[in-house]
Amino acid sequence: MAASLDLQGLLARLDPTADVAQRHIWLIDVFDWLRGDRASPQAAVGRVSLLLDAVEARPELRGRLRAWWRAFTQAVDLTTLLADYGFAPRTAFVSELTERLRRKILPGTPETTDASDLFRMVLPGAFDAGWIALLDDAQLARIGNLLADAALDDIDGAPRWRHTVMDAVTYCSSQVVAAGFSPELRLRMSAASESRAFHALMSDLDALREQMFRAPRDEDALQAAFLAFRDRLDACRASASSVYTHLEDNGISVGLVFRLRQLRERVLRIRELLDCLISPAPAPSVARLVGRLVLAGGERNSIRALIASNSSMLAAKVTERSAETGEHYITRDRASYLQMVRKAAGGGALTALTVLLKFGIYSLALSAFWSGLWSGLMYAASFVAIQLLHLTLATKQPAMTAPAMAARLRDIKTDAAVADFVDEVANLVRSQVAAVLGNVGLVVPAMLALALLVQFALGRPLLDAAHAAATLQSLSLAGPTALFAALTGVLLFAASIVAGWTENAFVLHRLDSAMRYNPRIGAFLGAARARRWATFMRTHISGFASNISLGLMLGLLPAFAGFFGLGLDVRHVTLSAGQIAAAAASTGMAVLQQPALWWAVAAIPVIGALNVSVSFYFAFRLALRAHSVSLGDRARIRSAIWARWRSRPISFFLPA
């Protein structure tokens with residue numbers, strides 16, 4: 001009864017002569033009443049029937065409603081809603097984020113003739129799309145009959161709504177053509193594709209418009225014009241899709257991917273609008289279109305959706321390049337496994353020298369920033385040396401191998417594909433085990449030898465008793481070592497992001513070609529040397545970016561964290577093992593009786609596991625987003641990996 005009284009009050013307020021703000025407030029109130037408490041979409045559909053019954057029972061009310069609808073459509077331009085609602089006008093993340101925050105924080109006004117702003121207030125959420133989808137054909141037909149008004153027909157007798165929808169198709173088509181003609185896309189389209197489809201799209205649309213509004217209408221000619229335009233539209237979409245092949249081979253641009261996605265969404269919007277025009281019973285098509293507009297508006301206003309979309313494009317940008325590099329770090333047989341151990345052993349030996357230089361920098365007693373900066377530069381130089389000597393630093397691998405693994409998930413629908421992927425997971429884990437064992441297995445004896453050599457040369461231990469005890473205590477498993485090791489895993493992942501972004505930019509802007517053929521560079525280096533440098537940089541740019549960024553982060557993070565009083569530090573498994581060896585060598589044989597040593601030794605496998613697992617986890621999640629792997633496929637993969645672990649656990653540690 002209360003609902004009926006509320007409805008009667010709403011209908012009594014229906015005033016077609018009211019000003020714009022009051023008419024729109026009434027519309028907002030009507031849809032609020034239809035939603036009710038939002039407990040059930042079916043309840044909202046029931047309220048629609050109540051509203052229709054109340055209006056149809058009173059001829060005077062039907063007249064007022066049609067007059068209201070006439071005033072509404074004359075004041076508000078619906079073509080902007082149909083053509084542009086849900087599309088982001090800008091590619092810049094910060095400006096788009098600012099716009100969405102503005103809409104969330106600042107209230108909107110119903111005193112507007114912008115149909116998009118009004119639509120956002122009238123139908124604000126996914127609940128509305130739910131109940132609109134439940135409206136049956138009879139209800140939709142009743143709504144259409146109530147709003148039908150001969151006064152809204154044009155001179156040629158065609159309903160004005162058809163002209164509005166056709167105008168929206170025209171606006172969307174012009175956006176598609178503009179995107180196809182933009183040099184960023186046009187120059188990257190495949191030569192074999194029908195790249196000239198964009199030239200004829202508007203002429204086909206003109207032919208469709210002519211047949212749509214011809215009196216009398218020729219249904220056969222209209223259908224032929226519709227099919228010609230639809231085929232031309234599909235050809236435009238295929239031409240634009242060929243750009244993705246170019247991006248995979250020549251680097252990915254977030255701006256280009258944004259334009260391609262927008263073009264695809266525009267094509268889909270055009271097809272939805274055409275369904276409304278061509279369908280003999282347009283009401284269901286209109287309802288589907290309104291529901292999709294509601295969802296598109298929610299997506300357009302969502303900050304989470306913006307972050308997800310941009311992270312997906314960024315993921316594609318960095319993982320494609322990292323996947324190429326990561327393939328080199330996966331061992332698949334005994335020979336490559338042993339080769340990984342040898343390379344990792346060499347990396348461990350060189351890391352011992354890095355630990356020695358680190359203690360040398362700390363002995364200078366510099367300020368926190370300068371000590372961190374010089375330590376970071378020293379780490380970067382050491383990591384680059386390991387790279388150029390073709391050695392291996394274990395914890396740098398996971399963030400690079402994860403994209404290579406995820407690239408195999410593009411076709412994961414069959415059980416055989418899942419089994420092949422699990423084999424690769426086992427290969428990857430074995431590779432990490434081999435690398436960690438090689439690093440730690442040689443950094444310890446190499447550091448012991450260096451410490452003894454320093455003691456022999458200087459006549460005193462590398463570290464005094466206090467510093468040796470403090471080193472062991474700082475690396476103890478009983479302290480925050482596990483937290484710091486996980487944080488270091490995040491830094492390793494961040495370094496892989498820098499590496500992927502840098503290599504993508506290098507390829508996208510064709511810097512290797514510029515180094516090889518630029519006249520000034522050729523005149524300075526000589527043609528042969530320019531070619532060698534171009535090949536060298538194309539091969540090593542990713543490693544340089546990763547190693548330098550990782551070194552600086554490892555050195556500077558403690559200094560910056562200390563500035564804010566956070567007390568954070570880094571724990572890298574190979575560096576930590578070298579520090580423990582240096583502290584033990586400086587203390588002497590008595591250290592074997594100290595619990596601090598064994599607490600520190602116990603931390604090494606934990607540090608290694610967290611370094612590897614955290615960096616791999618984040619990189620793999622990013623790569624999954626880049627390849628749009630579904631939640632169902634992820635569950636299948638997890639089940640298959642656990643099944644392999646239960647049946648053949650040794651395969652994760654030793655080659656067959």
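Here is a short conversation about a few features of this predicted model.

Student: How many Å apart are the end C-alpha atoms of helix α20, and does that suit what we expect or conflict with it?

Tutor: Good place to start! Helix α20 covers residues 415–458, which is 44 residues. At 1.5 Å a residue, the helix should span 64 Å. The model agrees with that, as the end C-alpha atoms are 64 Å apart.

Student: Which residue follows α20, and what is its phi near?

Tutor: Just after the helix comes G459. The phi of G459 is positive, near 75°.

Student: Is R571 buried or exposed?

Tutor: Let's place it before we judge it. R571 sits in the loop between α25 (527–563) and α26 (573–587). Buried means under 20% relative accessible area. R571 has 7% relative accessibility, so R571 counts as buried.

Student: Which backbone oxygen does the side chain of R571 reach?

Tutor: Look at the surroundings of R571 first. Beyond its neighbours within four places in sequence, R571 is in contact with several residues, including L475, F484, I607 and S474. The side chain of R571 comes to 2.9 Å from a backbone oxygen, and that oxygen belongs to S474.

Student: Which helix gives the largest share of the nonpolar patch?

Tutor: The patch has a surface of about 730 Å² and is made by L364, L366, F369, W370, W374, L377 and F560. Four residues of the patch come from one helix, residues 368–388, and that is the largest share. The helix is α18.

Student: Where is W370 found, and how does its accessibility count?

Tutor: W370 is found in helix α18. The range between 20% and 50% relative accessible area is called partly exposed. With 45% relative accessibility, W370 therefore counts as partly exposed.

Notes: Residues are numbered from 1 along each chain as its sequence is written. This is a predicted model: local features need pLDDT of at least 70, side-chain atom pairs count only at pLDDT 80 or more; totals for chains, interfaces and linings use all residues. Side-chain values use heavy atoms; hydrogens and water are left out. Helices (H or I, at least four residues) and strands (E, at least two) are DSSP runs, numbered from the N terminus. The expected span of a helix is 1.5 Å times one less than its number of residues. Buried means under 20% relative accessible area, exposed over 50%, partly exposed in between (1.4 Å probe, protein chains only). A polar contact is a pair of N or O atoms within 3.5 Å; within protein, one must be able to donate a hydrogen and the other to accept it, and residues adjacent in sequence count only if both atoms are side-chain atoms. Contact means heavy atoms within 4.5 Å. Patches are made of residues with over 30% relative accessible area and no salt bridge: like charges are joined within 9 Å, nonpolar side chains (Val, Leu, Ile, Met, Phe, Trp, Tyr) within 5 Å. Accessible areas come from the Shrake-Rupley method with a 1.4 Å probe; for residues, only the protein chains shown count as cover. A salt bridge is a side-chain nitrogen of Lys or Arg within 4 Å of a carboxyl oxygen of Asp or Glu.
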